[in-house]
Amino acid sequence: MTGRLYGIGVGPGDPELMTLKAVRVLAAVPVVAYPAANDGPSLARSIAAAHIPAGRTEIAIRVPMRAGEPPESVYDAAADAIAAHLEADRDVAVLCEGDPLFYGSFAYLHDRLSAFPATIVPGVTSLSACAAAAARALARREEMLAVLPATLPDAALEARLAEGGAAAIMKVGRHLPRIAALLVRMGLAGDALYVAQASRPEEAVLPLAAALEEGRSGYFATILVGGGGA
Ligand SMILES: C[S@@+](CC[C@H](N)C(=O)[O-])C[C@H]1O[C@@H](n2cnc3c(N)ncnc32)[C@H](O)[C@@H]1O
């Protein structure tokens, strides 16, 4: 007998956007793990805090705050710590902001822990929260929707955007000036919206030009392009 691994999507920030299933699982599991900045709090844990009973064993997965993916060793060590509980027949829930399998780090842990039974609880994605904050459709009718990381080089972004349709550009952070320049060049900046911290108290929805002028550079920001159903 081993424990079960749960990947729990806790949604984009507003605790009311957690699913009933996520809340039920959290009430039952003895071990809860979550990514956290080095020496800092965990966003995923803060979203779910009201549903983590006192006295649970907690594992903070310390992710170095620098550009790019965290080193493999971070996931190796976290997977080892989680595996020790699973081997002792204790269920472990790994919290993930948004959905665990939508650009979520849970995928890297799941790869390493594939020998254990797992249940993945989907979460409301940040993409849905951004569309809701902007009160704008992500896509309509036959419109295509591209989801693009801003960390891609200009040429890759341009090639995909040139295919037409709507787009959501994630991981904007410090790439905002470069992405804005690209969208202007392609004639796509006019109706583009910058959505930061969707569903959280700090939520902001701005025309792209205004976000640029304000010098925004936060990590939790997404640019929505199109969605009018061209
Ligand atoms: C590593 S991805 C995680 C996505 C997450 N698993 C999900 O389901 O939405 C992080 C990126 O998601 C976007 N993001 C996450 N939360 C957001 C929010 N509340 N508002 C706007 N964008 C958000 C940002 O583009 C951010 O750089």
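These legends go with several views of a predicted model.

**View A. The whole protein chain, with its two domains.**
Here the chain splits into domain 1, covering 5-121, and domain 2, covering 126-225. Their centres, taken over C-alpha atoms, sit 27 Å apart. Looking for secondary structure? The protein chain has eight helices and ten strands.

**View B. Overall dimensions.**
Along the principal axes, the C-alpha atoms fill a box of roughly 60 × 35 × 35 Å. The radius of gyration is 19 Å, which agrees with a compact globule, because a globule of 230 residues would come out near 17 Å.

**View C. Where domain 1 meets domain 2.**
Ten residues on the domain 1 side are in contact with twelve on the domain 2 side. Between them the two domains bury about 860 Å², and carbon and sulfur atoms account for 62% of that. On domain 1, the trio to look for is Pro12, Phe102 and Tyr103: together they supply 56% of the area this domain buries against domain 2, more than any other three residues.

**View D. Polar and charged links across the interface.**
Zoom in on the side chains of Arg200 and Glu97, which pair up in a salt bridge at 2.8 Å, N to O. The interface of domain 1 and domain 2 has one salt bridge. Four residue pairs are in polar contact between the domains, counting pairs with both residues at pLDDT 80 or more. As for the make-up of the domain 1 side that touches domain 2, six of its residues are nonpolar, one is polar and three are charged.

Methods
Residues are numbered from 1 along each chain as its sequence is written. This is a predicted model: local features need pLDDT of at least 70, side-chain atom pairs count only at pLDDT 80 or more; totals for chains, interfaces and linings use all residues. Side-chain values use heavy atoms; hydrogens and water are left out. Domain bounds come from an automatic or database domain assignment. Contact means heavy atoms within 4.5 Å. Buried area is the accessible area (1.4 Å probe) that two parts lose on being put together, summed over both. A salt bridge is a side-chain nitrogen of Lys or Arg within 4 Å of a carboxyl oxygen of Asp or Glu. A polar contact is a pair of N or O atoms within 3.5 Å; within protein, one must be able to donate a hydrogen and the other to accept it, and residues adjacent in sequence count only if both atoms are side-chain atoms. Ala, Val, Leu, Ile, Met, Phe, Trp, Tyr, Cys and Pro count as nonpolar, Asp, Glu, Lys and Arg as charged, and the others, Gly among them, as polar. Helices (H or I, at least four residues) and strands (E, at least two) are DSSP runs, numbered from the N terminus. The radius of gyration is taken over C-alpha atoms; the globule rule is 2.2 Å times the number of residues to the power 0.38.
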